[in-house]
Amino acid sequence: MTDSGALVVRGRLVQPSAVVDDGVVVASGGRVTFAGSVSDALATGYGPAVETVLPAPGTYLLPGLVDLHNHGGGGVSFPDVTTASEALTGVLEHRRHGTTTLLASLVTARPEVLLERASVLAELAVAGEIEGLHAEGPFLSYHRRGAHNPADLQEGSVDLVKDLAEAARGYLRTMTVAPEVPGVTGPGGVAEALVEAGVLPSLGHTDGSTEQAEALIAQVTAALAAAGRPIGPMTATHLFNGMRPLHHRRPGPIAACLAAAARGDMVVELIGDGVHLDPATVRSVFDMVGADQVVLVTDAMAAAGVADGRYELGPMSVEVLDGVARVVPEEGSPEPEGEGPIAGGTAHLIDVVRLAVSGGFPLVDAVRSATAVPARVLGLTGEVGSLDPGARADVLITDADLHPLRVLRQGVDVTAGRPAPPRS
């Protein structure tokens, strides 16, 4: 059944609900033609190609990972790039570690800067190097701004949404908004304009109440249903981080997000890197809402994959120490050095998956939340995030400890240039 140019990889195949111990993926023309057990492959005519390929002991075969929230890596910050080739360096840093589908995230900045950056990054989307853009801001809470420049925060603007979608050439995929910011919710507001433009609103960086969060969730859910968009449901941008904390008398947005996720109206992002969230928090959310309503993300910034030091994240300076990125306090600020807000992550998405598994979460669920679930949010089920026949041949091959060994994107090996995994 295989042609002479078919690609065959063998190992422990991680499928959505189980691990096939003696598994195989066959691909041709950049697409998966078979994924399953070796015995089934032999029974369906793939014998000659499969029998000549032996798996390395203990290896896993995963779908290529899908990151919905990523500000850069390899020393490159997506919110600061001026050329597509510069941005590609950051994309490849994550691709070589298994993230084969990625949204390049912007941060709050002046409107003209956002439009310039969106235009640059759109070149990569047109070329197929990234799936699209995520705009984190500028319609965010001053009080929960995190690493976003307070001077550039603004009220909701439908005109800016339209301009940004145009600058991104239709590749603006998601946008983080705070429901309490004037102009975001309600008729004729930003949330409505985003759905009309085919952009998925994401609730985040908010100091709003439960009721304000519920209002945004209800509006977006209804608008998506009416529009018949193949995207969604809406997401919560890095749940817990950049939000009013959950309190039993003032539950805030977190309670609304968890309830919405539990009933299927929302998918919540979790930065499960051991810095932004305690592993127990990650486990609790998985247990409460289920893996199909959780997306694992990196929120990576320029320092992902490179050394500690000083970096830029849009207009903000960031200091990375021991892999933790924090905003550098302005001169004269009473805030001590090294105690500013966390300013993104420095992990690759496979690191987040590995940490979830080492914390006791089932491998198949952790992988699904970094592959099939984000693919569904983007409306890409069947295209990426799985190894089903017909899907893009994006395969991450890891060792037994989930360290990347080889990465295929559209059947092409993109592993070159990545450091060897650490020895166990």
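**Exercise 1.** Which residues of helix α9 (residues 279-289) are buried, and what covers them?

*Solution.* The structure is a predicted model, and the first step is to go through the helix with the cut-off in mind that buried means under 20% relative accessible area. The buried residues of α9 turn out to be V282, V285, F286 and V289. The second step is to look along the axis: because these residues span an arc of only 100 degrees around it, they lie on the same side of α9. The third step is to ask what packs over them, and the cover includes α8 (252-262), β13 (266-270), β14 (294-296) and α11 (363-368).

**Exercise 2.** Describe what is found at the start of α9 and what follows this helix.

*Solution.* Begin at the start of α9, where the backbone nitrogen of A280 has a side-chain oxygen of D278 within 2.8 Å. Then move to the residue that follows α9, G290, which has a positive phi near 90 degrees. For a second helix to set beside this one, take α10 (residues 349-358), in which L349, I350, V352, V353, R354 and A356 are buried; just after α10, G360 has a positive phi of about 105 degrees.

**Exercise 3.** Which residues of the largest nonpolar core touch the most other members?

*Solution.* The largest nonpolar core holds 100 residues, and those touching the most other members are F139, M175, L203, L239, M266, V268 and L270. Next, sort the core by element: helix α4 (residues 111-126) gives the largest share, seven residues. Finally, another core of 14 residues lies apart from this one, and its members include L7, V20, A27 and I397.

Methods
Residues are numbered from 1 along each chain as its sequence is written. This is a predicted model: local features need pLDDT of at least 70, side-chain atom pairs count only at pLDDT 80 or more; totals for chains, interfaces and linings use all residues. Side-chain values use heavy atoms; hydrogens and water are left out. Buried means under 20% relative accessible area, exposed over 50%, partly exposed in between (1.4 Å probe, protein chains only). Helices (H or I, at least four residues) and strands (E, at least two) are DSSP runs, numbered from the N terminus. The arc is that of the directions from the helix axis to the C-beta atoms. Contact means heavy atoms within 4.5 Å. A polar contact is a pair of N or O atoms within 3.5 Å; within protein, one must be able to donate a hydrogen and the other to accept it, and residues adjacent in sequence count only if both atoms are side-chain atoms. A nonpolar core is a set of buried Ala, Val, Leu, Ile, Met, Phe, Trp, Tyr and Cys residues joined through side-chain atoms within 4.5 Å.
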